Amino acid sequence: MVPKERRERGLSVGHLPHRRAQPESAARAYTDREAGGASGVYLAGRFERLGIAESPGPPGEFLLRCRLAHEELRVGRSSGKKRFCLALVKPSHYDDDGYVIQWLRSPIPSTSLAALYGLAQDCAERRVLGPDVEIDVHAFDETNARIRCDRLAAMIHAAGAGMVMLVGVQSNQFPRALDLAKALRERDIPVAIGGFHVSGTLAMLDGADPDLERATAMGVSLFAGEAEGRLERVLQDADAGALAPLYNFMDDLPGIEGTPIPLLAAETVRRTAGGATSFDAGRGCPYQCSFCTIINVQGRKSRRRSPADIEKIVRLNYAGGMRSFFITDDNFARNKDWEPILDRLIFLRETEKLDIGFIIQVDTLCHKLPNFIEKCARAGVRRVFIGLENINPDNLLGAKKRQNKITEYRKMLLAWKAARVITYAGYILGFPNDTPASIEHDIDVIKRELPVDLLEFFYLTPLPGSEDHLKLVKAGTALDLDLNRHDLNHVTTAHPRMSRQEWERIYQSAWQRYYTIDHVETVLRRVASVGANAGNALFLLTWFKGSIDFEKMHPLECGFLRLKSRRDRRPSFPIEPAWRFYPKYLIETAVNQVRWIWLYLRLRRLYLRIKHDPERLRYTDVAMTAVADDEVEMRELFRTTAAQAYLTQERRLAEIRQGRVA
């Protein structure tokens, strides 16, 4: 499952300042306004005012945006209107060399940024700062946009009022957020920080965190909880010059049905790989996994948007040219409205013929919901993230992941296979029972016996906001103090059975062991045998393998064409001289692009061979065979000591349920 604690050219990559559209029809006005003013009619009018015949390409984009911003400020002043400039920034984090992780096309769209942008646009339209104050909203994702604090400050000073909100900040992004906040505060810009780190730390540690204390000391406001119904208060306080040090709404999580919907303008979405946008259909999770922050930040009670809200989100984005959506619910299968939501999406696809596709996240018991997988496929779900986490029952029990039953793994994966949906599975390395040998054994079993397509590995990480983190803090266990490393891809605490070096070696080895050329071919054959999109599987396998092999980065953090700015380096690292930085960066970029092309061509040869194989639909192997009655006697998956103990317990529980045991 994609962890919630996860995951350039100046301001040229942000949203254009928000203005009301002047469309030809009421329907078009609604689309232009709700989509952030990014539609053709809206932009064309603004270009015309500036004497520009058409929208320029990326090279002139920044100058155009500056001219637009200053033009709107001039018009606003001349008309007597006051202005408030709100900049929403989703920070990235630093790589191991201290450079901001940034791409020409970033991997995953930010739902937090989309949600805050939608809420901010609603505040602007309702004139929450007064009838004579116009709010200009700008949104930036640092994973695909270089953030220049001097230019942000200039925009806000030119408007006469405003603030910067650093949104959706995860623990690994908090050091970068503090560095941005420091530069902005030195320029007298009001700054607020919100997201999972602030909320999780307030929820579990009552805010006892040195990094939060640093933020407060520099005059940064902290926001814990969710912004629906609360954002306007923060904006009003900022406009009055009276931001509170802390806005804590953790004890009052809002309903989200009927609230302003998450949206990003088309030009922002196009800067993500695949052009996918994202939204949450619901929040909260009923389970109690000890490593998870979701239940302590969003709660265990399901809060959800209505099916009508979801249809509205899809229609508005579709009108703006977006066709691909990532529904970021931690577990869409536990959204109580999953069926009416899917029914609406099915109607859009099958009756109105909208060409839309979705990525979702689910648990390992989703196949037990009648019609769930079938309706997902009909609704356009093309990829699904599954929280497999581990195949050792003792590890799952220790993490309170009781809902994961290894006896159901094959049934669930084969059901998705039959629906022609590509599967991802998250797999955690470093549970207390893990050793290098056991991890290697388990990966081999997965390759041979489970028909999962892509496996993504993570270190077991005690994230701030999780039960695991709280226990370690209370026990006085040593934790890595550098939050930048709390990204699930670095060791942050000691392991009871592996040294740090052993743990790091087996993490790297796990990727190499799973993504061998032979197994890539096996995965492609499995996908092709059920008539699924093998071309898409080729792209994803190339992406995952190349991310680790060439970029030395987790696939969920790896985009297309790495961007680096010489001066955007962590303060604890020296600024490299230009004569060293630029040749090294250019050579590194060129070499990696050659490697990427070589890998793709190599894997494409496998793909074409499979595509043109007349027997491809007849392919089968151990993982693809139907679940048999003697499954537990025949499969290596069930032969470990932990698995045998689990099966014995399950049989006894079954006998109790059937009344055969007193």
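**Burial and pockets in a predicted model**

Trainee: His554 lies in the loop between helix 21 and strand 16, and I would like to begin there: why is His554 called buried?

Mentor: This is a predicted model, in which local features need pLDDT of at least 70 and side-chain atom pairs count only at pLDDT 80 or more, while totals for chains, interfaces and linings use all residues. Residues are numbered from 1 along each chain as its sequence is written, and side-chain values use heavy atoms, with hydrogens and water left out. His554 has a relative accessible area of 3%, and buried means under 20%, exposed over 50% and partly exposed in between, with a 1.4 Å probe and protein chains only, so His554 is buried. Its C-alpha atom is 7.9 Å from that of Phe544, 10 residues away along the chain.

Trainee: What makes Leu601 partly exposed?

Mentor: Leu601, which belongs to helix 22 (residues 578–611), has 43% relative accessibility and therefore counts as partly exposed. Across the chain, buried residues make up 60% of the 662 residues.

Trainee: How many helices and strands does the chain have?

Mentor: The chain has 24 helices and 16 strands, these being DSSP runs numbered from the N terminus (helices H or I, at least four residues; strands E, at least two).

Trainee: Which residues lie nearest the centre of the largest pocket, and how many line it?

Mentor: The lining has 39 residues, with Gly274, Arg383, Asn536, Phe539 and Trp543 nearest the centre. A pocket is an open set of points on a 1 Å grid over the protein atoms alone, where a 1.4 Å probe fits, with protein on both sides within 12 Å along at least five of seven lines, and lining residues have an atom within 4 Å of a point. The volume of the largest pocket, the space filled by probe spheres set on the points, is about 870 Å³. Helix 21 (534–551) is among the elements that supply at least two lining residues, and its 5 residues are the largest share.

Trainee: How do the linings of the two pockets divide by class?

Mentor: The lining of the largest pocket divides into 25 nonpolar, 9 polar and 5 charged residues, where Ala, Val, Leu, Ile, Met, Phe, Trp, Tyr, Cys and Pro count as nonpolar, Asp, Glu, Lys and Arg as charged, and the others, Gly among them, as polar. The second largest pocket, of about 610 Å³, has 8 nonpolar, 7 polar and 13 charged residues in its lining. Asp95, Asp96, Glu551, Lys552 and Met553 lie nearest its centre, and helix 19 (500–514), helix 21 and helix 22 each supply at least two of its lining residues.
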